[in-house]
Structures are given as C-alpha cells and as structure tokens.
Amino acid sequence: MPTTAEVLIVDDDPDICTLLVAYLGDFGIRAQAVHDGTAMRSSLARQRFDIIILDLMLPGEDGLSLCHSIRFLSDIPILMLTARGERGDKVAGLEAGADDYVIKPFDPRELVARLHTILRRIRGRGVGAPTLERRPPPANDICFGGWRLNRATRELTSPAQLLIPLSYGEFRLLSAFIEKPQSVLSRSYLLSAARGRSMEAYDRTIDLLVSRLRQKLDTDSTAKPLLRTIRGEGYLLDVAFEA
C-alpha cells in the first residue's frame, strides 16, 4: 500500500508504540515513535511529519507543554492520545492546540479513522492522495469594524490600537467567523472548523471559546456586541469587513 502520511508518535509506552507503528503501517501510514520531548524535537528537526500523535503523560516535559511549544512554531496537526479522560483534560488539550483527543484504551480502527479525517481536512481532497497539499494562506491582514487580524502572526489589534492576545483556540474560532462573514454558524460547524474534529453534542467547549472571544472583542461598552447569539441556530459575527 502506498504511503499516505508520515506520523510521529510521542508516547513513553513501548507496547503502544509498537502496536501503533505496525497497525498504522497496514493502512499506508508510516509512523515513527519517540518517548519524550527531547526526542520529539530532534525528530521534527530532521524530518517533515504530517501529524503528531501525542501522549499527555510523558517523562520530563508533559504533552500539554509540548503541544503549546509545537503550536507556537507550527500548524502541524496534533492528535492527543492519553489515559487522561476528564472533560477538563480534554478542554485543556484542545485549548493548547490539539486537533483531536482520543482516550486510552482506544480502538485502533477509530484512531485510523480520526487520522484520515484530519488528513482529508488538511489536504482538501481524498485520503488516497499521495501527498499533502495545504491550501494557500489568505491575506495576512484582515480588517473588520476597526479591528485588524494578522493571520500570519495571530495578532489581533483593536480599534484603539491595543494588541489583544488570542489563545490558539480563540484564533481558530475567529478565523472560522471571518471565513464566513455575516453568516450564522452553528455550534457543530464551529466545533469542526475551529477544532478540526467532531465532539460530543453535550460538550460545551465551543460556548466557552465564544464567551472568551466575545469578552476580548467587546472592548467598547457603548458599542453593539460584535459576536451575537442567534437563539436556536448558533453565533454570528455582526460586522462589516473592510477591503
């Protein structure tokens, strides 16, 4: 079977690593395994990977810290594979920049399906494509209602010329609204667009992100809110975009 992706597994359990490398290979996914952050950085410096499978509980620097550091430098997709299954752990992992979150013990078939979903998203075409092709990035500066978002640096500047810090999740969420201006976006759409994954219907992560982003956009108490809740439908970024 032709190789469809290069995956780096970061997990300190040698049995899981051996299982994953062999199983993914059956699906044309070539995987390498390392066991800590130091080895991960060394591998990333030597080779280009399409996806990272990252455990949270690692010796030395933990997976959450590694996820933050990876996301600061790269948009490479990250799938967290961990025994930590509390909702707070999920939210923390996704907020750090993970694209998906799978709990151990796991079904290897489900893991492959989730990897394929990520691959389809970043390629913009079918899983069987021999190479990964990312869509060309949009114009760096996007202006709306006096605000300016630089997509390259992820910097948001207010109408008062204040630099507003955005978490990775908030940046992804705002980008989702910008890509569909003046449109009501459902929670499920925003979960997929901002996180690149399907989450449980009861998960409130998107509401938390919208609330945080709304607070950062509502710097002028006298102006109308930019992010509106459309009852029963979703959310709307109610602002005109500038050329």
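Is Gln 161 buried or exposed in this structure? In this predicted model, Gln 161 is exposed, with a relative accessible area of 54%, and the legends below begin with this residue before turning to other close-up views.

**View A. Gln 161 in the loop between β8 and β9 has a positive phi.** The loop that holds Gln 161 runs between β8 (155-157) and β9 (163-164). Although Gln 161 is not a glycine, its phi is positive, at about 65°. Because its relative accessible area is 54%, above the 50% cut-off, Gln 161 counts as exposed.

**View B. A salt bridge joins Lys 104 and Asp 11.** The closest approach given for the side chains of Lys 104 and Asp 11 is 2.7 Å, N to O. Lys 104 lies in the loop between β5 (100-103) and α5 (108-123), while Asp 11 lies in the loop between β1 (5-10) and α1 (14-25), so the pair ties together parts that are 93 residues apart in sequence. Both partners, Lys 104 and Asp 11, are buried.

**View C. The peptide bond between Lys 104 and Pro 105 is cis.** The omega angle of the bond that joins Lys 104 and Pro 105 is about -5°. Pro 105 belongs to the loop between β5 and α5, and Lys 104 is the residue that also forms the salt bridge with Asp 11.

**View D. Arg 172 and Asp 99 form a salt bridge between distant parts of the chain.** The closest N and O atoms of Arg 172 and Asp 99 are 3.9 Å apart. Arg 172 sits in helix α6 (residues 168-179) and Asp 99 in the loop between α4 (87-95) and β5, with their positions 73 residues apart in the chain. Arg 172 counts as buried because its relative accessibility is 14%, and Asp 99 likewise counts as buried, at 2%. Elsewhere, salt bridges that share partners join Asp 11, Asp 55 and Lys 104 into one network.

**View E. Asp 50 and Arg 48 are joined by a salt bridge.** The distance between the side chains of Asp 50 and Arg 48 is 2.8 Å, N to O. Asp 50 is buried, with a relative accessible area of 5%, whereas Arg 48 is exposed, with a relative accessible area of 54%. This pair is one of 13 salt bridges found in a search of the whole structure.

**View F. Strands β1 and β2 run parallel.** Strand β1 is joined by 6 bridges to strand β2 (residues 29-34), and Ile 9 stands opposite Ala 33 in β2. Together with α1, the strands β1 and β2 make a right-handed β-α-β unit.

**View G. An open sheet of 3 strands has the order β10-β12-β11.** The pairing in this sheet is antiparallel, and the edge strands, each of which pairs on one side only, are β10 (184-185) and β11 (227-230). Between β11 and strand β12 (residues 234-237) there are 4 bridges, and Leu 227 has Leu 237 in β12 as its bridge partner. Helix α6 lies across β10, β11 and β12, and runs at about 75° to β12.

**View H. Cys 17 and Cys 67 are both buried.** Cys 17 has a relative accessible area of 4%, and Cys 67 has a relative accessibility of 0%. A search of the whole structure finds 0 disulfides.

How values were computed:
Residues numbered from 1 in each chain as written. Predicted model: local features only at pLDDT ≥ 70, side-chain atom pairs only at ≥ 80, totals over all residues. Heavy atoms only, no water. Disulfide = S-S within 2.5 Å. Buried < 20%, exposed > 50% of the residue type's maximum accessible area, 1.4 Å probe, protein only. Salt bridge = Lys/Arg side-chain N within 4 Å of Asp/Glu carboxyl O. Helix = DSSP H or I, 4+ residues; strand = E, 2+ residues; numbered from the N terminus. Pairing = 2+ DSSP bridges. Right-handed = clockwise from strand over helix to strand, strands pointing away. Contact = heavy atoms within 4.5 Å. Axes fitted to C-alpha atoms, helices over the stretch in contact; angles between N-to-C directions.
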